Every structure is written in C-alpha cells, then in structure tokens.
Amino acid sequence: MTDQANRRHDTHGQVETALGRHLERLYPICRSISGPGLRETLDLIGEEVELQRSSIPTGTEVFDWTIGDEWSIRQAYIESLDGRRVIDFERHNLHVVSYSTPIDTLMDVDELDRHLHSLPDHPDWIPYRTSYYSPGWGFCLSQRQRSQLTDLRYRVVIDSTLEPGALDYGEAVIVGDCDEEVIFSAHVCHPSLANDNLTGVAVAIELAKRVRSLPSRRYTYRFLFAPGTIGSLAWLKMNPDATRKIRHGLVLTGLGGPGELVYKQTLHGDASIDRAAGHVVSRSGGSIRTYSPWGYDERQFNALGFGVPVGRLSRTPHGEYPEYHTSADNLQFISVPKLEQALDTLSDIVHILETDRRPVNLSPYGEPQLGKRGLYPAVGGKAASDAVLAMLWTLAHADGKHSLLDIAEISRVCSFEQIQDAADQLQRGGLLGPAPSRAPG
Ligand code: ZN
C-alpha cells in the first residue's frame with residue numbers, strides 16, 4: 001500500500017514525502033492543550049483530511065477533570081536593563097513554560113532563577129515544561145544561556161492570557177460496511193517537538209488517506225486529533241455511543257525517532273489488536289511490551305470504566321531517549337524512512353483487521369492431493385516450498401475456530417500474508433470454505 005503519488009523530488013533531487021511535509025508545516029506552531037496554536041494545527045490537518053471539529057467550553061466537567069481556561073501567548077522574553085532580549089519566545093516556542101500566567105516586572109536574578117528550567121547534562125538543549133493544572137510561570141532555556149544571566153536584575157515579560165474559552169479536538173471518520181469502529185489517536189498539544197508527537201499526527205493523516213482509498217472497508221475508522229489526557233477524556237465524555245462501538249484502537253506517537261517499532265499492549269494483552277499488531281511488529285523486527293498505566297492516551301481508553309482495547313505504536317518510548325521533551329526533538333531528529341515504515345506497518349495491521357477470517361478444511365480426511373488441483377508448484381525453490389508449507393499449515397488448522405492470524409502464529413514461520421495467500425489458493429481449489437466473512441472478535 002505504498003503511496004507513490006505522495007512522493008516528489010525536491011530541487012536537490014531528494015525524495016520528499018507527504019510525511020516530511022506535514023512535519024515541516026506543523027513544527028513551527030506553538031501548541032498547547034487549548035488556544036490558537038491548537039486550532040491552527042487542526043486547521044492544517046483539516047486541509048489534508050476532512051475533520052469534524054469540536055470545541056468543549058471552559059468549565060465543562062469531563063469525568064474527574066474540568067476543562068480549564070484557554071491559554072494564548074503573544075510574546076515572552078527576559079530583557080537586560082539596557083534593552084537586550086537575552087531569552088525570547090520569538091526564537092523558540094519552548095522558551096516559555098506552557099500555560100504561563102502573565103507577568104511584566106523587573107526582578108532580581110536570584111528570584112528569576114527560581115522560575116528557570118535548563119538541562120545541565122545537555123547544555124545546548126532547551127527543556128519542555130508545562131504548568132497546565134497549577135498556575136505559575138517560567139522560562140526554559142539552555143544551560144549555556146542560563147550561565148550567561150550575569151546581571152543583577154532583568155525585565156521579565158510574559159504577555160499571555162488565561163481566559164474562558166474552549167478545548168478543541170478534531171476527528172476524521174471514514175465510514176465502513178458496519179458501524180463497529182477502529183480508532184487511531186494522536187495527541188496534538190505539544191509545541192515545537194517533532195517525534196513527540198508530530199510524527200504520530202503525520203502518520204495518522206497519511207494512514208487516514210490510505211484507509212479512505214481502500215476499495216471497501218469492513219470497519220468504520222476514526223482518527224482522533226486531541227490534546228493529551230484532557231482532550232481524549234473530553235472526547236470519551238462527549239461520545240459514549242461511539243466509544244461503545246470501538247473494537248480495536250491504537251495510539252500513535254514517537255514513530256520517527258530512534259529504535260525499532262515498539263507495540264504496547266492493551267490492558268490485558270488479549271485483544272484482537274494485540275494479536276494483529278503483535279504479529280506485524282514482531283515480524284518487522286520490533287518488540288512487544290505489556291501494558292503499564294504510564295504513557296499516553298491509551299491510559300484513558302483502557303481505563304476500567306471504558307475498557308476500550310487501545311494499544312500503542314511507537315519506537316523507543318518517551319523518557320527512554322535523551323532528546324525526549326527537549327529542543328533536540330526537532331525535525332533533524334526524525335527519520336522520514338522510519339515514518340514510512342511505521343505507516344506501512346499500520347497498513348499491514350489494518351489489512352489483518354479487515355481480512356482475517358476463520359476458514360474450514362473441506363477435505364479433512366488426510367492430506368489432500370494438491371498436485372491434481374494445480375496447487376503444487378511446478379517449479380521448486382524456497383518460495384514454492386514456503387507456499388506449500390503455508391497451505392499445509394492452513395489445512396492442518398482450518399477447523400472453523402482458528403483464524404488465519406491464529407494459524408500464522410501457530411506456525412511460527414508463516415506470515416499472515418503467506419497464510420492468507422495459501423487460504424485464497426486452497427479456496428479456489430475447492431479445499432477450503434467458506435467465503436471470506438466476518439473477522440473474529
Ligand atoms: Zn510528550
């Protein structure tokens with residue numbers, strides 16, 4: 001399902017992809033869990049895929065949380081008394097703590113220092129800090145910049161507002177044959193950070209386009225672009241009917257950074273999405289982790305009150321690479337080929353969800369004669385013997401209870417694709433029935 005149409009060559013002859021372009025357009029925006037940056041982000045996503053937008057007003061109760069005031073930031077800087085801006089939000093979105101309250105005052109450097117955040121171990125990186133749920137203000141800067149604040153007093157300005165407004169989210173819904181749903185969720189609340197989580201957003205956009213271009217779909221697909229935690233909780237609060245229809249889901253994040261793919265299982269690790277994603281990710285060289293109540297919005301979907309089976313696809317998870325939540329998580333940190341691999345992996349997972357079935361062996365009394373039905377390859381070689389092996393595995397377990405994915409997993413050697421090809425061939429040869437029907441679970 002590689003999308004050649006989305007590639008073009010730039011002036012340097014480099015292959016430029018839609019994924020890379022989404023990252024470049026979204027990276028400069030100063031996002032937060034509410035406010036103009038979030039809306040601008042949804043506007044850009046909406047240029048790529050049709051989005052249904054929702055605005056949940058300040059003060060709305062969402063389960064144990066309340067939608068807070070909306071945050072807007074116009075400018076923020078630390079200025080020397082002779083008018084030199086030593087730290088300026090204009091230069092980097094991360095310089096101001098997200099949700100900082102307004103301030104405009106002269107301040108002793110000792111007092112200012114209590115509001116500064118830097119990373120001594122990475123003296124050139126700016127950390128990312130937020131203050132969503134406890135009012136306060138602060139600046140983030142590199143350790144090197146901090147060490148240059150040698151004046152006794154500075155002017156400190158944060159021109160921000162925290163006022164009643166709304167929390168925004170957007171969703172692209174692609175209708176299928178039934179109203180059972182698959183949900184993909186990517187958080188859209190981080191300012192200029194690339195891996196976390198513009199990679200999740202970019203891949204979700206392109207996956208939505210691929211799903212939309214499928215000739216037919218069994219499931220209805222929902223792509224949710226919402227601020228982390230409070231945004232997914234707001235969606236869950238506003239959409240109890242849709243929540244009940246979700247059969248499979250994935251949170252997408254950190255797909256362009258270091259390492260192979262990592263699939264984090266749902267709460268009990270026994271959902272169909274665990275099987276499908278586990279199969280594809282482990283065969284691509286990635287790894288599987290069990291559920292933990294720490295992470296992204298999978299924590300909300302899997303909560304006991306909802307019990308929605310949502311796993312998570314990433315590469316090296318948050319907090320396990322030093323660039324996480326720092327200015328070093330920038331566009332240069334991202335590998336676009338890795339994003340493409342993640343997108344292909346997701347396409348393969350969707351393919352399994354869409355096409356898995358439970359076939360029945362119609363000739364179960366011993367091994368059927370493949371040759372007389374034209375199913376035995378005339379030419380030998382590894383591909384031919386693999387194909388025969390896949391047919392034998394399929395016949396061995398096609399009892400109407402095991403799905404194609406079950407059989408692939410039992411064999412330990414065949415991919416879903418190989419078992420599916422084998423089943424299609426056996427079906428054409430009259431050895432397997434019934435016709436493709438509903439997927440298991
Ligand atoms: Zn984050």
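Which residues does phenylalanine 184 touch, not counting residues up to four places away in sequence? Select phenylalanine 184 and you'll find Leu207, Tyr221, Arg222, Phe223, Leu224, Leu250, Leu252, Leu346 and Val350 in contact with it. Keep in mind as you click around that this is a predicted model.

**Start with the whole chain**

Zoom out before going further. The chain has 441 residues, and 56% of them count as buried. You can colour by secondary structure to pick out 13 helices and 20 strands. Turn the C-alpha trace along its principal axes and the spans come to about 90 × 45 × 35 Å.

Now think about contacts between residues with a separation of 6 or more: 79% of these are accounted for by residues 24 or more positions apart. Switch on a surface, and you're looking at about 19200 Å² exposed by the chain, with carbon and sulfur atoms supplying 49% of it. If you colour by charge, there are 44 positive and 57 negative charges, and their mean positions are 5 Å apart.

**Back to the nonpolar cores**

Phe184 is also one of the residues that touch the most other members of the largest nonpolar core, which has 75 residues. Select the others on that list too: Ile45, Tyr221, Phe223, Phe225, Leu346 and Ile349. Then highlight H5, the element that gives the most to this core, with 10 residues. Apart from this core lies another, of 51 residues; Val86, Leu116, Trp137 and Tyr296 are among them. Such grouping fits a general trend: in soluble globular proteins, nonpolar side chains tend to be buried together.

**The zinc ion**

Next, centre on the zinc ion. Its protein donors are His190 through NE2, Asp196 through OD and His325 through NE2, lying 2.0 Å from the ion. Along the chain, these donors follow the spacing H-x5-D-x128-H. Aspartate 196 and histidine 325 link distant parts of the chain: they are 129 residues apart, with the aspartate in helix H5 (residues 194-213) and the histidine in the loop between strand E18 (310-314) and helix H10 (336-355).

Stay on aspartate 196 for a moment. Is this residue buried or exposed? Aspartate 196 is buried, with a relative accessible area of 0%. Check the backbone here as well: a cis peptide bond joins aspartate 196 to asparagine 197, with omega at about 10 degrees. Asparagine 197, like its partner in that bond, is to be found in helix H5.

Move over to histidine 325 and look at the backbone again. Although histidine 325 is not a glycine, its phi is positive, at about 55 degrees. Both backbone features are worth a click, because most residues other than glycine have a negative phi, and most peptide bonds are trans.

**Helix H12 and the residue after it**

Now select helix H12 (404-411). How many of its 8 residues are buried? The count is 6, so this helix is mostly covered. Select Leu404, Leu405, Asp406, Ile407, Ala408 and Ser411 to see the buried ones. Among the elements covering them are helix H8 (272-283), H10, helix H11 (382-397) and H13.

Step one residue on, to arginine 412, which follows H12 and has a positive phi, near 65 degrees. Arginine 412 lies in the loop between H12 and helix H13 (416-428). Unlike the buried residues you just selected, arginine 412 is exposed, at a relative accessible area of 75%.

**Two loop residues to finish**

Jump to histidine 95, in the loop between strand E7 (85-88) and strand E8 (103-108). A loop position doesn't put histidine 95 on show: at 3% relative accessibility, it counts as buried. Leave out residues up to four places away in sequence, and histidine 95 touches Ile87, Asp88, Phe89, Ile126, Gly138, Phe139, Cys140, Leu141 and Gln145. Draw a distance from its C-alpha to that of proline 127, 32 residues apart along the chain, and you should get 8.2 Å.

Last stop: threonine 229, in the loop between strand E14 (220-226) and helix H6 (230-238). Threonine 229 counts as buried because its relative accessibility is 16%, below the 20% cut-off. Leaving aside neighbours within four places in sequence, look for its contacts with Trp65, Asp297, Arg299 and Gln300.

How values were computed. Residues are numbered from 1 along each chain as its sequence is written. This is a predicted model: local features need pLDDT of at least 70, side-chain atom pairs count only at pLDDT 80 or more; totals for chains, interfaces and linings use all residues. Side-chain values use heavy atoms; hydrogens and water are left out. Donors are N, O and S atoms within 2.8 Å of the metal (3.2 Å for Na, K and Ca); water is not among the atoms, so sites may look incomplete. Helices (H or I, at least four residues) and strands (E, at least two) are DSSP runs, numbered from the N terminus. Buried means under 20% relative accessible area, exposed over 50%, partly exposed in between (1.4 Å probe, protein chains only). Contact means heavy atoms within 4.5 Å. Accessible areas come from the Shrake-Rupley method with a 1.4 Å probe; for residues, only the protein chains shown count as cover. Lys and Arg count as positive and Asp and Glu as negative; His and the chain ends are not counted. The place of a charge is taken as NZ of Lys, CZ of Arg, CG of Asp or CD of Glu. A nonpolar core is a set of buried Ala, Val, Leu, Ile, Met, Phe, Trp, Tyr and Cys residues joined through side-chain atoms within 4.5 Å.
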